[in-house]
Amino acid sequence: MEQFRALLIASYGRHYLAERIAADGSHGGPFIQVSTPAKQHVGAVGDYLLLESTSPDQARIIQIEERRNLLYRSDAFKSKLIASNVDQILVVLATQPAFSPDLLGRAVVAAEAHDIGLHIILNKCDLQESLPIARKLVAPYARMGYPVTEVSAKFDPASMASMQSALCGKVSALVGQSGMGKSTLLNAWVPDAAAVTQEYSVRLDTGKHTTTACRYYDLPDWGRDQQGRLGALIDSPGFQEFGLAHLSVSELQHAFREFKSVLGQCRFHNCAHLTEPDCAIRDAVDQNQITAERLNLFRQLRSDSKTADAQLQGITQAKERWSTSPTKSCKK
């Protein structure tokens with residue numbers, strides 16, 4: 001059976017679609033339905049795969065090539081893969097409905113932790129009455145150096161065109177809550193996205209559930225950079241929570257860009273930045289170098305990480321006790 005390289009371009013649960021990679025590195029051709037080993041959900045959109053044909057339009061995964069990065073959400077019990085091998089995250093916010101500052105903060109932490117670029121897109125800026133509040137919530141991230149672009153995807157095509165140079169030659173993951181206008185942005189940059197989505201849906205055979213799928217879209221020809229690399233967008237389903245329980249406390253601290261200049265200056269090396277004396281992080285908050293909201297986010301993420309560790313340890317210990325118990329029995 002033939003083995004070949006492919007790019008994973010659509011994922012819903014354990015249902016995958018891939019496209020064959022040519023010798024010049026481009027991908028395309030008929031969609032290939034991909035089966036996973038032991039019904040495991042092991043792949044992420046953006047993965048480079050080694051496949052083995054099982055029929056003309058079907059194949060199974062032999063290997064997932066090493067990833068440059070992997071963007072995913074997690075809590076103590078499960079994780080949700082979003083995308084791999086991405087160059088930047090496009091966090092889509094809107095003036096209406098109001099966006100979650102907490103989700104924005106968590107997306108920024110995820111980008112920093114995984115060494116992925118981040119660009120904030122503030123959509124629906126034609127709604128002038130809501131714009132000042134939205135700008136105020138985004139301002140701390142602009143001051144930290146994260147690029148912010150204001151657009152009106154429906155009513156101002158010129159504002160959309162201003163983003164194109166930031167997309168050229170890059171694989172960008174679109175993330176955000178439902179209702180922020182991600183689909184409108186996608187359709188503006190990839191005019192045939194709706195048709196591609198329909199074909200994905202037919203091939204995945206998951207009907208309406210493909211609204212929760214992750215999908216890969218090549219940009220039109222304007223999306224090539226000076227080296228000829230074509231950019232792409234990975235569209236993810238809207239979500240309301242962005243769990244980061246997989247990050248350790250050390251990883252969390254270093255994922256807060258504004259913390260880095262004062263890390264290591266607290267009196268205690270394991271300072272939790274709560275009530276300990278001589279805490280450099282809290283001093284920086286008092287001096288308006290770090291916002292109180294960002295410190296509160298760190299504390300919440302630290303608590304989530306500790307809680308997840310405790311829950312996983314408890315589950316592991318319970319399983320060990322059960323497996324070694326002399327009284328355990330099974331029904332016959």
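**A colleague's notes on this predicted model**

1. Let's start with the overall makeup. The protein has nine helices and 13 strands, and please keep in mind that what you are looking at is a predicted model. Of its 332 residues, 47% are buried. Among contacts with a separation of 6 or more, 67% join residues 24 or more positions apart.

2. Next, the nonpolar core. The largest one has 95 residues, and those with the most contacts inside it are L51, V109, W189, L233 and F242. Helix α1, covering residues 101-113, gives the most to this core, namely seven residues. As general background, nonpolar side chains tend to be buried together in soluble globular proteins.

3. F242 is a good residue to select in your viewer. Beyond its neighbours within four places in sequence, F242 is in contact with L71, Y72, R73 and I82, and also with L103, R106, A107 and A110. Two of these partners, R73 and I82, turn up again in the lining of the second largest cavity.

4. On to the largest pocket, which has a volume of about 510 Å³. It is lined by 20 residues, and the closest to the pocket centre are G25, H27, Y48, Y216 and L230. What is the class make-up of this lining? It comprises six nonpolar, eight polar and six charged residues.

5. There are enclosed spaces to look at too. The count of cavities of 30 Å³ or more comes to two, and the second largest has a volume of about 40 Å³. The residues lining that second largest cavity are R73, K80, L81, I82, C214, S236, P237 and F239. Strand β7 (residues 79-84) gives the most to this lining, with three residues. By class, the lining of the second largest cavity has five nonpolar, one polar and two charged residues.

6. A word on cysteines: how many disulfides does the structure hold? The number is zero. C125 has a relative accessible area of 9%, so it counts as buried, the limit being under 20%. C214, a member of the second largest cavity's lining, is likewise buried, because its relative accessibility is 6%, under the same 20% limit.

7. Now a look at Q164, which has its place in helix α4 (residues 164-167). Is Q164 buried, partly exposed or exposed? It is partly exposed, because its relative accessible area of 25% falls between the 20% and 50% limits. Leaving out residues up to four places away in sequence, Q164 touches W189 and W222. W189 is one of the residues with the most contacts inside the largest nonpolar core. As for W222, it is 58 residues from Q164 in sequence, with a C-alpha to C-alpha distance of 8.0 Å.

8. Finally, P97 sits in the loop between β8 (88-94) and α1. With 41% relative accessibility, P97 counts as partly exposed, since that value lies between 20% and 50%. Setting aside residues up to four places away in sequence, P97 touches K124, G179 and M180. For a C-alpha distance to check, try P97 and S178: they are 81 residues apart along the chain and separated by 9.3 Å. The loop that holds P97 leads to α1, the helix that gives the most to the largest nonpolar core.

Note on methods: Residues are numbered from 1 along each chain as its sequence is written. This is a predicted model: local features need pLDDT of at least 70, side-chain atom pairs count only at pLDDT 80 or more; totals for chains, interfaces and linings use all residues. Side-chain values use heavy atoms; hydrogens and water are left out. A nonpolar core is a set of buried Ala, Val, Leu, Ile, Met, Phe, Trp, Tyr and Cys residues joined through side-chain atoms within 4.5 Å. Buried means under 20% relative accessible area, exposed over 50%, partly exposed in between (1.4 Å probe, protein chains only). Helices (H or I, at least four residues) and strands (E, at least two) are DSSP runs, numbered from the N terminus. Contact means heavy atoms within 4.5 Å. On a 1 Å grid over the protein atoms alone, a cavity is a set of points where a 1.4 Å probe fits but cannot get out, and a pocket is an open set with protein on both sides within 12 Å along at least five of seven lines; lining residues have an atom within 4 Å of a point. Grid points are joined across faces, edges and corners, and a volume is the space filled by probe spheres set on the points. Ala, Val, Leu, Ile, Met, Phe, Trp, Tyr, Cys and Pro count as nonpolar, Asp, Glu, Lys and Arg as charged, and the others, Gly among them, as polar. A disulfide is a pair of cysteine sulfur atoms within 2.5 Å.
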